[in-house]
Amino acid sequence: MAPKPSSSSGMGGWLKFLAILLGVLTPVYYLLEQNLERFYIFELDQLNDVAQRGIAAHGNDTRAIVKHIVDELAGQVSLTSFVNRDEEWIFNNAGGAMGGMYIIHASVTEYLIIFGTAVGTEGHTGRHTADDYFHILTGTQMAYVPGEYAPEVYPPGSVHHLRRGDVKQYRMPEACFALEYARGWIPPMLFFGFADGLTSTLDLPTLWRTTWVTGKLMLGNLARGKF
């Protein structure tokens, strides 16, 4: 009888496969990483400008500010097909903080959402593979970095830039809503967004809805050629 393959040979085969896969994907990742700017469709100045004008026009009326932002972005020919105008709010639990989000855009390299809460929250920002720009629309956000003795304070109209790879504690003491824009590698960020739901809240309907909406938008944008 022919000898049975040992478990060690099977493990060696898997390791060889993983090594080949890594060798193939590494240069692909490096090439994409060097050209990420080519895939972005939202401009930082553009988003800051529309947020500022929304605040100036509508003051503390968050609903009206959000509508102003979405209508203006969707009205631009280059963005129309990439803006989700179906204003569906979904709970988001991540890093111990809880709030609601409306996903305006989701793709492999960018996401744009309205995130906030009417009652306040606090938590861990997460350490991400994308730069995150938090445009405060109403309310105030505070942030803390170890070693500092005073908080960072972000009032309406300001932008809190969490750089890729950095981490902070953040707090919204009371009602606060923001236009949040991330650019970089978005899929790895999803694990942070799902972790609390899988290990703490066990809110499976919300997890499913988040997965469905995010996946639908990401795949839809890929089908339109938006990476």
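**Notes on a predicted model: a helix, some pairs and two cores**

1. Let's start with one residue: Glu37 is exposed, with a relative accessible area of 58%. The cut-off for that label is over 50%, so 58% earns it. Keep in mind as you read on that this is a predicted model.

2. What does Glu37 pair with? Its salt-bridge partner is Arg183, and the closest N and O atoms of the two are 3.7 Å apart. This pair links distant parts of the chain: Glu37 sits in the loop between α1 (7-34) and α2 (44-58), Arg183 sits in strand β10 (residues 176-184), and 146 residues separate them. Arg183 is buried, at a relative accessible area of 10%, while Glu37, as said, is exposed. So this bridge has a buried end and an exposed end.

3. How many salt bridges does the structure hold? The count is eight. One of them joins Arg53 to Asp49, with 3.0 Å between the closest N and O atoms. Both residues belong to helix α2, and because they are four residues apart, about one helical turn separates them. Arg53 counts as partly exposed at 33% relative accessibility, and Asp49 is partly exposed too, with 38%.

4. Another salt bridge to look up is Arg209 with Glu88, where the closest N and O atoms are 2.7 Å apart. Arg209 lies in helix α5 and Glu88 in the loop between α3 (62-74) and β1, so the bridge ties together parts that are 121 residues apart in sequence. Arg209 is partly exposed at 31%, and so is Glu88 at 23%. Back at Asp49 and Arg53, shared partners bring in Glu72 as well, and these three residues make one salt-bridge network.

5. Now for the helix that carries Arg209. Helix α5 (residues 204-223) has 20 residues and reaches 28 Å from its first C-alpha to its last, close to the 28 Å expected. Which residues of α5 are buried? They are Thr206, Leu207, Thr210, Val213, Thr214, Leu217, Met218 and Asn221. If you look down the helix axis, these residues fall within an arc of 145°, so they line one face of α5.

6. That buried side has neighbours to pack against: β1 (89-94), β2 (97-106) and α4 (189-201). On the face turned away from it you will find the exposed residues Leu204, Pro205, Trp208, Leu219 and Ala223. Just after the helix comes Gly225, which takes a positive phi of about 90°.

7. On to the rings: there are eight aromatic pairs in the structure. In one of these, Trp89 and Phe177 have ring centres 6.2 Å apart and planes at 90°, so the pair is edge-to-face. Trp89 is in strand β1 and Phe177 in strand β10, so the pair ties together parts 88 residues apart in sequence. Trp89 is partly exposed, with a relative accessible area of 37%, whereas Phe177 is buried, with 17%.

8. Is the pair of Trp185 and Phe227 stacked or edge-to-face? The ring centres are 6.2 Å apart and the planes meet at 85°, so this pair is edge-to-face. Trp185 is in the loop between β10 and α4, and Phe227 is in the segment after α5, so the pair ties together parts 42 residues apart in sequence. Trp185 is buried at 11%, and Phe227 is partly exposed at 25%. Add Phe39 to these two and you have one aromatic cluster.

9. Finally, the cores. In soluble globular proteins, nonpolar side chains tend to be buried together. Here the largest nonpolar core has 25 residues, and Leu73, Ile104, Leu112, Leu137 and Leu179 touch the most other members. Elements giving two or more residues to this core are α2, α3, β2, β3 (110-117), β5 (130-138) and β10. The biggest contributor is α3, with six residues.

10. Which residues is Leu73 in contact with, leaving aside its neighbours within four places in sequence? The list is Phe42, Gln46, Leu47, Leu79, Thr80, Val83 and Leu112. Apart from the largest core lies another one, of 23 residues, including Ile90, Ala106, Met172 and Ala178.

Methods
Residues numbered from 1 in each chain as written. Predicted model: local features only at pLDDT ≥ 70, side-chain atom pairs only at ≥ 80, totals over all residues. Heavy atoms only, no water. Expected span 1.5 Å × (residues − 1). Buried < 20%, exposed > 50% of the residue type's maximum accessible area, 1.4 Å probe, protein only. Arc of directions from axis to C-beta. Contact = heavy atoms within 4.5 Å. Salt bridge = Lys/Arg side-chain N within 4 Å of Asp/Glu carboxyl O. Phe/Tyr/Trp six-rings, centres within 6.5 Å; stacked < 30°, edge-to-face > 60°. Core = buried A, V, L, I, M, F, W, Y, C linked by side-chain atoms within 4.5 Å.
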